[in-house]
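Please look at the sequence and the structure below with the packing of helices, the nonpolar interior and the surroundings of the ligand in mind. The paragraphs after it take these topics in turn.

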Amino acid sequence: MTAVAARMDEVVDHHDPFIAEASGHLARAGGKRFRPLLTLLASEVGSGWDEKVVDAAVGVELTHLASLYHDDVMDEADLRRGVESANSRYGNSTAILIGDLLFGTASSVVAGLGAEAVRIQADTFVRLCAGQIRDDRQTGVVADPHEAVAAYLSILADKTGSLIATAARYGAMFGGCDPETVGTLTAYAEQLGIVFQLADDVLDVASDADDSGKTPGADLREGKATLPVLYARTSSDPADERLLTLTRGPIEDPDELAEALTLLRAHPAMQQ
Ligand code: GRG
């Protein structure tokens, strides 16, 4: 991962000091670097990593970073990776443009890997955006929670699974794996991505800012019916009436948000 960090530093740079500072803001804050790690690990199934695998890993992490800059603008988030979000620090316009710049940088790095890699990057970008749009359009009004769970998992496959799948696919491709192995690792990583996002959704309810580096309750504030909320909605227990009312739409009132978090944290849905 040292090679990935060094290559990222090299490509995320700019002659304009402000742009260099703002585009390195979240990268400097660290993050788990799960996706580039997956690229390196997938390459180990084949012949191991080289410069191409490192560039693929950097392309994936930069795409992820770009999506975080944009996501925080959309969510009006104030905290990311345990530091002030880019939108909080530099304003929305800069955060959006830095996201665009990082995606451009990612695409430039991936372009060095050939047409197939570029096509995969573009298809992944389409799925990321489509997943995010579908997620954003959830109204919180759920007629059938069981159907809603299936629809929700399909959103997660696009918005989170797609890039994690690509991380493994690049690693396997450039690690020289045969096409069947590339396919198997890609499919496995997409499922892993769905589970990864489910854990992220549960942490939005269960964790505090120190653990997750983000302000908890963001999904509830936006009225997103994530899996903990959907499971709670499958309940016919009259004791859940208040929780169902609170989570029917966005929760703007801080007291109501705190109440919904407390109810959901204690709910059997969170033990499942
Ligand atoms: C500009 C590339 C681009 C995309 C636009 C905003 C958007 C479309 C998509 C958002 C997709 C998104 C933010 C999904 C959430 C994925 C997720 C679980 C993020 C947190 O990932 P971690 O836990 O974070 O790996 P760290 O900080 O550890 O890297």
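What follows is a walk through a predicted model, from a pair of helices to the core, the ligand and a loop.

Two packed helices are described by the angle between their axes and the distance between the axes. In this model helix 4, residues 34–45, and helix 9, residues 145–174, have axes that lie 7 Å apart and make an angle of about 35°, and the crossing of helix 4 past helix 9 is right-handed. On the side of helix 4 the contact is built from Arg-35, Pro-36, Leu-38, Thr-39, Leu-40, Leu-41, Ala-42, Ser-43 and Val-45, while helix 9 contributes Leu-163, Ile-164, Ala-167, Ala-168, Tyr-170, Gly-171, Ala-172 and Phe-174. Sorted by class, the residues of this contact are 13 nonpolar, three polar and one charged.

In soluble globular proteins, nonpolar side chains tend to be buried together. The largest nonpolar core of the model has 45 residues, and those that touch the most other members are Ala-56, Ala-57, Tyr-69, Leu-102, Ala-167 and Ala-168. Two or more residues come from each of helix 1 (2–11), helix 4, helix 5 (51–75), helix 7 (92–111), helix 8 (115–136), helix 9 and helix 10 (179–206), with helix 5 giving the most, eleven residues. Once neighbours within four places in sequence are set aside, Ala-57 is in contact with Val-4, Pro-36, Thr-39 and Leu-40. Another core, of 16 residues, lies apart from the largest one and includes Tyr-152, Ile-155, Val-229 and Leu-230.

The ligand is surrounded by 21 residues, of which Gly-31, Lys-32, Ser-67, Asp-71 and Gln-132 come nearest. Helix 5, helix 7, helix 8, helix 9 and helix 10 each supply at least two residues of this shell, and the largest share, six residues, is that of helix 5. By class, the shell divides into eight nonpolar, eight polar and five charged residues.

A last stop is Gly-213, which lies in the loop between helix 11 (209–212) and helix 12 (218–222). Is Gly-213 buried, exposed or partly exposed? Gly-213 counts as partly exposed because 16 C-beta neighbours lie inside 10 Å, whereas 20 or more would be needed for a buried residue and 12 or fewer for an exposed one. Not counting residues up to four places away in sequence, Gly-213 touches Leu-79, Arg-80, Arg-81 and Gly-82. Gly-213 and Val-83, although 130 residues apart in sequence, are separated by 7.2 Å from C-alpha to C-alpha.

Definitions and conventions:
Residues are numbered from 1 along each chain as its sequence is written. This is a predicted model: local features need pLDDT of at least 70, side-chain atom pairs count only at pLDDT 80 or more; totals for chains, interfaces and linings use all residues. Axes are lines fitted to C-alpha atoms, for helices over the stretch in contact, and angles run from 0 to 180 degrees between N-to-C directions. Helices (H or I, at least four residues) and strands (E, at least two) are DSSP runs, numbered from the N terminus. A crossing is left-handed if the near helix is turned anticlockwise from the far one by less than a right angle, and right-handed if clockwise. Two residues are in contact if their C-beta atoms, placed from the backbone, lie within 7 Å. Ala, Val, Leu, Ile, Met, Phe, Trp, Tyr, Cys and Pro count as nonpolar, Asp, Glu, Lys and Arg as charged, and the others, Gly among them, as polar. A nonpolar core is a set of buried Ala, Val, Leu, Ile, Met, Phe, Trp, Tyr and Cys residues joined through C-beta atoms within 7 Å. A residue is near a molecule or strand if its C-beta atom, placed from the backbone, lies within 6 Å of it.
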